[in-house]
Amino acid sequence: MTKLPTFDDVIDAARVIKGHAVRTPLIESPALNDRLGGRVLMKAETLQVIGAFKFRGAYNRIARLSEAEKVRGVVAYSSGNHAQAVAAAARLLGTRAIIVMPADSPAIKIAGVREHGGEVRMYDRYSESREAIGAAIAAEHGSVLVPPFDDPFVIAGQGTAGLEILEQADAPIDQLLSGCSGGGLIAGLNLAFEARSPETAVIGVEPALYDDTARSLAAGERIGVDPTGKSICDALMTPIPGELTFPINQRRLERAVSVTDEEVAAAVAYAFKTLKLVVEPGGAVSLAALLAGKVSTEGRTTAILLSGGNVGPALFSRIIEGRFP
């Protein structure tokens, strides 16, 4: 197995992405604090390049390509945010990107990939393997595959969000919540907090039908779930934790909790109406867990990731107008 990334890799990633990724703000809402009875510090990765944290890892990975590799380009597979991040980073670094995307990806994310110069190849997520398609394209063109989470440079790049949280917070953080799909973001966060704030409890949040991290933690090994489950959290529909991410998260995660589509929709609406923020469903799961009482915040300082803001206008309007489901 590929060597697991370390905290030193996160520090190096911060050096590489500096000046290219946005140092997003850590924000606080008195209304939210009053509702929950504790301080909640929100890392607004909705303001990141391409509107999601994924740019951090994608840029860190693609910046490591040799000149010969840049000529051959990169391939990635993603439902949207990693896809846009790879396309944007590839354009900045002067290389070609082919992105394998599910046919049911939100139109706003497909358009985003194309706007950043990426070439889109569609597939059926319920009958085809994105990994196999991506590997075949990479073999055909001699391209470098940029996985969405199971890559040391990608994990380290995502961990830079954790470094920033710790630098921006004005008080010790009692607990940190982050969405958990393949586990790349929360693994990177774990590397940062393990080194700089080991007393902080780290909790993963998953869609109800994609609770593979919780099941894997309970089993002590990687356990998959039914990949045909439906969720409005399109960014979090990976059915099994990564080979590289799970050992890190198994070591550091206190637990993982799950949220329903209805709870996520309520959080998206709350973010818009009360916080005045646009957050996509997959990016709002940590907020959903707090609002639904899945994690207690009373008397504590809690940091959460608002990890993305790329929500389609039709779904967003249904949610904020109270027409979901």
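**Exercise 1. Lysine 276**

Work out whether lysine 276 counts as buried or exposed in this predicted model.

Step 1: Look up the accessibility, which is 62% for lysine 276.
Step 2: Compare that with the cut-off, since exposed means over 50% relative accessible area.
Step 3: So lysine 276 counts as exposed.
Step 4: Place the residue on the chain: lysine 276 sits in the loop between helix H12 (261–273) and helix H13 (285–291).
Step 5: Check the backbone too. Lysine 276 has a phi near 60°, a positive value in a residue other than glycine.

**Exercise 2. Isoleucine 50**

Find where isoleucine 50 lies, and decide whether isoleucine 50 is buried or exposed.

Step 1: Isoleucine 50 belongs to the loop between strand E2 (39–44) and helix H3 (54–62).
Step 2: Its phi is near 65°, again a positive value in a residue other than glycine.
Step 3: Buried means under 20% relative accessible area. With a relative accessible area of 10%, isoleucine 50 is therefore buried.

**Exercise 3. How H1 and H8 cross**

Describe how the axes of helix H1 and helix H8 are arranged.

Step 1: Pick your descriptors. Two packed helices are described by the angle between their axes and the distance between the axes.
Step 2: Get the numbers: the axes of H1 (residues 7–17) and H8 (residues 152–168) come within 8 Å and cross at roughly 85°.
Step 3: Name the geometry. That crossing makes H1 roughly perpendicular to H8.
Step 4: List who meets whom. On the H1 side you have Phe7, Asp9, Val10, Ile11, Ala13, Ala14 and Ile17, and they meet Ala156, Gly157, Gly159, Thr160 and Leu163 of H8.
Step 5: Sort the contact of H1 with H8 by class, and you get 8 nonpolar, 3 polar and 1 charged residues.

**Exercise 4. Glutamine 158**

Say which residues glutamine 158 is in contact with, leaving aside its neighbours within four places in sequence.

Step 1: Glutamine 158 is part of helix H8.
Step 2: Its relative accessibility is 1%, so glutamine 158 counts as buried.
Step 3: The contacts of glutamine 158 are Phe53, Lys54, Arg56, Gly57, Gly184, Leu185 and Leu189.

**Exercise 5. The two sides of H6**

Show which residues of helix H6 are buried and which exposed residues lie on the face turned away from that buried side.

Step 1: The buried set in H6 (residues 107–115) is Lys109, Ile110, Gly112 and Val113.
Step 2: Those residues cover an arc of only 160° around the axis, which puts them on the same side of H6.
Step 3: The general rule helps here: an α-helix has 3.6 residues a turn, so residues three or four places apart point the same way.
Step 4: Turn to the opposite face, the one away from the buried side, and you find the exposed residues Ala107, Arg114 and Glu115.
Step 5: What covers the buried residues of H6 includes helix H5 (81–92), strand E4 (97–102) and strand E5 (119–123).
Step 6: Follow the chain onward: after H6 comes glycine 117, with a positive phi near 90°.

**Exercise 6. H10, same approach**

Run the burial analysis on helix H10.

Step 1: In H10 (residues 212–219), Asp212, Thr213 and Ser216 are buried.
Step 2: They cover an arc of only 95° around the axis, which puts them on the same side of H10.
Step 3: The cover over the buried residues of H10 includes strand E8 (201–207), helix H11 (245–252) and strand E9 (253–259).
Step 4: Just after H10, glycine 220 has a positive phi of about 80°.

**Exercise 7. Cysteines 180 and 233**

Decide how many disulfides the model has.

Step 1: The test is a pair of cysteine sulfur atoms within 2.5 Å.
Step 2: Applying it gives a count of 0 disulfides.
Step 3: Cysteine 180 is in no disulfide, and the nearest cysteine sulfur, that of cysteine 233, is 13 Å away.
Step 4: Check burial as well: cysteine 180 is buried at a relative accessible area of 1%, and cysteine 233 counts as buried at 0% relative accessibility.

**Exercise 8. Glycine 308**

Find out which residues glycine 308 touches, not counting residues up to four places away in sequence.

Step 1: Glycine 308 is in the loop between strand E10 (301–306) and helix H14 (313–320).
Step 2: Glycine 308 is buried, with a relative accessible area of 1%.
Step 3: Glycine 308 touches Thr46, Gly51, Ala52, Val279, Glu280 and Gly283.

Key. Residues are numbered from 1 along each chain as its sequence is written. This is a predicted model: local features need pLDDT of at least 70, side-chain atom pairs count only at pLDDT 80 or more; totals for chains, interfaces and linings use all residues. Side-chain values use heavy atoms; hydrogens and water are left out. Helices (H or I, at least four residues) and strands (E, at least two) are DSSP runs, numbered from the N terminus. Buried means under 20% relative accessible area, exposed over 50%, partly exposed in between (1.4 Å probe, protein chains only). Contact means heavy atoms within 4.5 Å. Axes are lines fitted to C-alpha atoms, for helices over the stretch in contact, and angles run from 0 to 180 degrees between N-to-C directions. Angles under 35 degrees count as roughly parallel, over 145 as roughly antiparallel, 65 to 115 as roughly perpendicular and the rest as oblique. Ala, Val, Leu, Ile, Met, Phe, Trp, Tyr, Cys and Pro count as nonpolar, Asp, Glu, Lys and Arg as charged, and the others, Gly among them, as polar. The arc is that of the directions from the helix axis to the C-beta atoms.
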